[in-house]
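Biologist: Could you walk me through this protein, one small step at a time? I would like to see how each answer is reached.

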Amino acid sequence: MILTTDLFDFPEMTEKDLKILFTESYQLSQAVSYLAELMDEESNINIGCLIKNTNIVKLQVKSRHINSKTYSRCYIEYTPHSIGYSGVKRYYCECANGNRTIGCCSHVAAIIYYLSHARYLATIVRPAEILAKIFNKDHITPVINEDSDED
């Protein structure tokens with residue numbers, strides 16, 4: 001298995017390029033959220049590249065909703081060493097939303113977002129991380145320490 005960090009020739013894109021490719025900002029926000037779910041505790045991205053042809057990659061991505069399910073057939077065709085959204089030629093995923101005419105599914109969007117933009121950032125933001133900190137059970141002081149039927 002090839003690591004996604006070994007794909008040095010994938011097109012680089014700005015957020016503006018990604019919004020054009022994904023047909024506006026909704027799919028980009030989905031990609032950011034989905035990518036955060038693919039990160040482990042050390043902020044490593046768990047995307048396995050199964051096959052790398054000269055300009056086509058086949059990637060293995062975990063399901064967003066079912067932990068045991070893996071979409072092992074996400075394909076992306078691209079122009080090596082290009083810049084901008086025109087470098088991504090076509091894509092396909094075996095998920096229910098993967099065969100779209102316009103836009104792409106969250107799996108493909110997350111992969112493209114990571115390979116073309118996010119991996120060059122100093123940190124990848126986890127959108128819901130602030131909520132996890134707010135609702136951390138270790139820092140909550142209970143008002144009632146006992147459970148009784150007389151309350």
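Modeller: Here are some questions and answers, moving from the whole fold to a few residues.

Biologist: How many helices and strands does the protein have?

Modeller: Please keep in mind that this is a predicted model. Read along the sequence, the pattern is β-α-α-β-β-β-β-α-α. The secondary structure therefore comes to 4 helices and 5 strands.

Biologist: What share of the residues count as buried?

Modeller: A residue counts as buried when its relative accessible area is under 20%. The protein has 151 residues, and the share of them that passes this test is 39%.

Biologist: Which residue forms a salt bridge with Arg 90?

Modeller: A search of the whole structure finds 1 salt bridge. In the pair that includes Arg 90, the closest N and O atoms are 2.4 Å apart, which fits the cut-off of 4 Å for a salt bridge. The partner of Arg 90 is Glu 77.

Biologist: How far apart in sequence are the parts that this pair ties together?

Modeller: Glu 77 belongs to strand β4 (residues 70–78), while Arg 90 belongs to strand β5 (residues 88–93). The pair therefore ties together parts whose separation in sequence is 13 residues.

Biologist: Is Glu 77 buried or exposed?

Modeller: Its partner Arg 90 has a relative accessible area of 56%, so Arg 90 is exposed. For Glu 77 the relative accessible area is 16%, and the cut-off for buried is under 20%. Glu 77 is therefore buried.

Biologist: Which side chain is joined to that of Asp 9 by a polar contact of 2.8 Å?

Modeller: Asp 9 sits in the loop between β1 (2–3) and α1 (15–21), and with a relative accessible area of 11% it is buried. Leaving aside neighbours within four places in sequence, Asp 9 is in contact with several residues, including Lys 52, Thr 54 and His 81. Its polar contact of 2.8 Å is with the side chain of Tyr 78.

Biologist: How far apart in space are Ile 45 and Arg 119, C-alpha to C-alpha?

Modeller: Ile 45 lies in the loop between α2 (25–38) and β2 (48–52), and it is buried, with a relative accessible area of 15%. In sequence, Ile 45 and Arg 119 are 74 residues apart. In space, the distance from C-alpha to C-alpha is 9.4 Å.

Biologist: What part of the accessible surface belongs to carbon and sulfur atoms?

Modeller: The accessible surface of the protein comes to about 9800 Å². Of this area, the part belonging to carbon and sulfur atoms is 50%.

Definitions and conventions. Residues numbered from 1 in each chain as written. Predicted model: local features only at pLDDT ≥ 70, side-chain atom pairs only at ≥ 80, totals over all residues. Heavy atoms only, no water. Helix = DSSP H or I, 4+ residues; strand = E, 2+ residues; numbered from the N terminus. Buried < 20%, exposed > 50% of the residue type's maximum accessible area, 1.4 Å probe, protein only. Polar contact = N/O pair within 3.5 Å; in protein donor to acceptor, adjacent residues only side chain to side chain. Contact = heavy atoms within 4.5 Å. Areas by Shrake-Rupley, 256 points an atom, 1.4 Å probe, with all protein chains shown as cover. Salt bridge = Lys/Arg side-chain N within 4 Å of Asp/Glu carboxyl O.
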